[in-house]
Amino acid sequence: MQLFSSPASPFGRKVKVAAHELDLLGRIEINNASLSPIAPHEGVSAANPLGKIPCLITDEGEPLFDSRVIIEYLDSLHGGTSLFPAHGPARWRALTQQALGDGIMDAAVANRYETVLRPEDLRWPEWSQGLMLKVTRGLARLEEMADSLSSTPDIGVLTIACALGYLDFRYADRSWRSGHPKLAAWFEPFSQRPSMQATVPHA
Ligand SMILES: N[C@@H](CCC(=O)N[C@@H](CS)C(=O)NCC(=O)O)C(=O)O
């Protein structure tokens, strides 16, 4: 399998962490693609018309996107413990946690484009503030639920961990740990997992 990703992408990291936890990383060749909405990557756009990473090409040559679909696919290849609780409240909790982590990453990535890519004279501070308010509210909700966050990886907590890792990478100046002590205490050991250590984002 081939994975279009980049070392900076939090969604790409999510897939890599999942693949690592499922013991499938060795079956995936990583193809680092540098791209943005204004600088698409030809190979990625050919596989994913949305021009986004991560995109997985299966051994059968089928392109799969986005991170949610790719991880469900990888999970289906794995015979052992699933990253997706099978049913009941645990399943809906994990999927909602995934949605919250994805949403924080969406807002943080969009704001990065807004503040780094967009020409300075075209920037709109209120738009940027609106995006970061989603991150602020997301962190507040995570702090409220921190006591119930699992210390073993499932689709929910691994997504949240990637979102927090992205804030460390791109928004270190915002010091998300201050004001979120329980979340920080949960993240500390989780971030030491080999899957997280092997995928620390970089430019
Ligand atoms: N919902 C997607 C989001 C993927 C995404 O936003 N990827 C960013 C990089 S982190 C991207 O490819 N941006 C390029 C673009 O938007 O054109 C997923 O879960 O995979």
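Are Trp186 and Phe187 buried or exposed? Both of them are buried. Keep in mind, as I go through this, that we're looking at a predicted model.

Okay, so let's stay with those two for a moment. Trp186 and Phe187 belong to one aromatic cluster, together with Trp176 and Phe190. Phe190 also has a charged neighbour: Arg193 lies over the face of its ring, 5.8 Å from the ring centre. You'll find a similar arrangement elsewhere, with Arg91 over the face of Trp92 at 5.7 Å from the ring centre.

Now, aromatic pairs. Searching the whole structure turns up six of them. Take Trp124 and Trp127: their ring centres sit 5.9 Å apart and the planes are at 15°, so we call that pair stacked. Trp127 itself is partly exposed, and its relative accessible area is 45%. Then there's our opening duo again, Trp186 and Phe187, and that pair is tilted, with 6.4 Å from centre to centre and 40° between the planes.

Last topic, the pocket. The largest one holds about 920 Å³ of space. It's lined by 34 residues, and if you want to find the middle, look for Ser9, Leu35, Ile53, Val109 and Tyr113, which are the closest to its centre. Which elements give two or more residues to that lining? Those are α1 (10-21), α3 (67-77), α4 (89-117) and α6 (155-170). The largest share comes from α4, with eight residues. As for the chemistry, the lining of the largest pocket splits into 18 nonpolar, nine polar and seven charged residues.

That's my tour, thanks everyone.

Technical notes. Residues are numbered from 1 along each chain as its sequence is written. This is a predicted model: local features need pLDDT of at least 70, side-chain atom pairs count only at pLDDT 80 or more; totals for chains, interfaces and linings use all residues. Side-chain values use heavy atoms; hydrogens and water are left out. Rings of Phe, Tyr and Trp (its six-membered ring) pair if their centres lie within 6.5 Å; planes under 30 degrees apart count as stacked, over 60 as edge-to-face and the rest as tilted. Buried means under 20% relative accessible area, exposed over 50%, partly exposed in between (1.4 Å probe, protein chains only). A charge sits over a ring if NZ of Lys or CZ of Arg is within 6 Å of the ring centre and within 35 degrees of the ring normal. On a 1 Å grid over the protein atoms alone, a cavity is a set of points where a 1.4 Å probe fits but cannot get out, and a pocket is an open set with protein on both sides within 12 Å along at least five of seven lines; lining residues have an atom within 4 Å of a point. Grid points are joined across faces, edges and corners, and a volume is the space filled by probe spheres set on the points. Helices (H or I, at least four residues) and strands (E, at least two) are DSSP runs, numbered from the N terminus. Ala, Val, Leu, Ile, Met, Phe, Trp, Tyr, Cys and Pro count as nonpolar, Asp, Glu, Lys and Arg as charged, and the others, Gly among them, as polar.
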